[in-house]
Amino acid sequence: MPSASEPATTLAASRPAVTAGRVARGVLLLLLVVAVLSFPSLAPNPYILSAGILVLNYALLSTSWNFVGGFTGYISLGHGALAGLGAYGTALLVTRAGMPSFVALVVAALAVAALAVPIGYAALRVRGASFVIVSIALVLVLLLVFQSWASFTGGSRGLTVPRPFPDLLRPEHHRVFWFLFAGLLALALLVWWVIDRSRFGLGLKAIREDEDKAESLGIPTFAYKLVVFVVSAGFTGAAGGLYALWFGDLDPVFQFSILTGSYLVLMALLGGVRSLFGPLLGALVVGTALEYFKVEYGSTPLHLVATGLLLALVVLFMPDGVLPAVSAAIDRFRPAQQSIREVTAAELREQREGGETELAGARPGAPSTKERA
């Protein structure tokens with residue numbers, strides 16, 4: 001037993017487990033970075049590299065969607081429209097205004113973020129199914145506008161975007177854009193991580209759990225939702241603009257599609273909307289599956305059937321996503337986290353004497369401490 005002169009010490013039994021978990025996450029993050037940086041060199045042909053860029057684009061879009069869906073719980077099917085605005089904004093600034101490609105990309109992304117203010121001001125005043133319907137209406141309206149305004153947008157004939165690196169061959173062109181998409185994705189993940197650990201992020205999570213209660217506690221719920229919607233729109237517009245510069249050919253039917261928003265929701269739900277890397281995992285699985293089905297079965301709607309079945313399985317068996325389900329399974333085998341505090345003999349004696357004094361003072365008719373003294 002420790003003597004009265006020894007200071008109290010605190011032993012955390014869970015400290016080794018926490019340290020091991022951090023080390024494991026650090027190793028996984030390092031492996032992910034190495035895989036991303038080495039993929040262009042390991043890709044066997046330009047087609048595989050281009051398919052990888054499509055998956056990376058899906059990862060960027062689903063991460064951008066997760067700013068709204070993951071933090072606030074609002075399910076938006078209209079982020080495909082925001083990506084289309086970014087794509088066409090970048091393309092039109094390059095072709096009509098003669099801006100340099102990446103200057104046009106930044107301007108278009110900022111313009112989409114600015115447009116998200118009035119859009120969010122109208123859409124975020126409704127919740128649940130009403131918000132989903134408003135987001136779908138946004139996609140349909142923009143599709144009609146960009147398809148009908150053929151003299152400016154090219155309409156159904158499409159819009160060709162000049163390549164920003166005309167001297168590069170197609171394989172080198174893919175390689176450069178792989179790293180551009182990876183850098184933008186890293187920035188989006190960093191911003192999501194910072195918000196997740198901020199006071200602002202706590203307010204958004206309170207909105208996700210119970211918006212009425214969060215508002216009653218003094219959280220400016222509408223302002224919080226609008227800010228995170230604008231951040232999400234900015235990243236989504238940047239992703240659309242980068243896609244336009246890479247792919248070089250735009251069509252309103254594909255850029256303003258309900259399917260794009262549905263894919264983003266599926267990717268985020270599959271990986272886990274409340275986790276940082278959930279949308280990334282979902283994009284890897286769903287994006288790869290989409291490309292495989294398109295190659296194997298051409299223009300048949302089989303990939304849509306497979307997507308619907310996958311969404312149903314996720315909702316039924318893993319409603320929180322793959323990463324939370326795996327994390328919960330791992331936690332079952334971890335030792336129970338507990339804290340063990342060793343006290344000195346003097347502290348223990350003081351606690352006992354204090355408890356006896358309180359017990360004596362609580363008895364009816366018992367003299368007070370001053371009377372006993």
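How are α3 and α5 oriented relative to each other? In this predicted model, helix α3 (residues 79-95) and helix α5 (residues 128-148) pack at an angle of about 30° with their axes 9 Å apart, and since angles under 35 degrees count as roughly parallel, α3 and α5 are therefore roughly parallel to each other. The protein as a whole contains 17 helices and 4 strands, and 40% of its 373 residues count as buried.

**Overall contacts and the α3/α5 pair**

- Among contacts in the protein between residues at least 6 apart in sequence, 79% link residues that are at least 24 apart.
- On the α3 side, the contact between α3 and α5 is made by Ala81, Leu85 and Tyr88, while α5 contributes Leu138, Val139, Leu142 and Phe146.

**Helix α2**

- Helix α2, which covers residues 46-72 and has 27 residues, spans 39 Å from its first C-alpha to its last, close to the 39 Å expected at 1.5 Å a residue.
- A kink of about 45° is nevertheless present in α2, and this kink is centred on Asn66.
- The helix is mostly covered, with 24 of the 27 residues of α2 counted as buried.
- At the N-terminal end of α2, Asn45 acts as a cap, with a side-chain oxygen placed 3.1 Å from the backbone nitrogen of Tyr47.
- Beyond the other end, Gly73 comes just after α2 and adopts a positive phi of about 80°.

**Ser50, within α2**

- Ser50 is found in helix α2, and because its relative accessibility is 14%, Ser50 counts as buried, the cut-off for that class being under 20%.
- A polar atom of the Ser50 side chain lies 2.6 Å from the backbone oxygen of Tyr47, the residue whose backbone nitrogen is approached by the capping side chain of Asn45.
- When neighbours within four places in sequence are left aside, Ser50 is in contact with His174 and Trp246.

**Lys225, within α10**

- Lys225 lies in helix α10, which runs over residues 221-247, and because its relative accessibility is 4%, Lys225 counts as buried.
- The side chains of Lys225 and Glu211 are joined by a polar contact of 2.8 Å.
- Not counting residues up to four places away in sequence, Lys225 touches Thr72, Tyr74, Leu124, Leu204, Ile207 and Glu211, so that Glu211 appears both among these touching residues and as the partner in the polar contact, because its side chain is joined to that of Lys225 within the 3.5 Å limit.

Key:
Residues are numbered from 1 along each chain as its sequence is written. This is a predicted model: local features need pLDDT of at least 70, side-chain atom pairs count only at pLDDT 80 or more; totals for chains, interfaces and linings use all residues. Side-chain values use heavy atoms; hydrogens and water are left out. Helices (H or I, at least four residues) and strands (E, at least two) are DSSP runs, numbered from the N terminus. The expected span of a helix is 1.5 Å times one less than its number of residues. The bend at a residue is the angle between axes fitted to the seven residues ending there and the seven starting there. Buried means under 20% relative accessible area, exposed over 50%, partly exposed in between (1.4 Å probe, protein chains only). A polar contact is a pair of N or O atoms within 3.5 Å; within protein, one must be able to donate a hydrogen and the other to accept it, and residues adjacent in sequence count only if both atoms are side-chain atoms. Axes are lines fitted to C-alpha atoms, for helices over the stretch in contact, and angles run from 0 to 180 degrees between N-to-C directions. Angles under 35 degrees count as roughly parallel, over 145 as roughly antiparallel, 65 to 115 as roughly perpendicular and the rest as oblique. Contact means heavy atoms within 4.5 Å.
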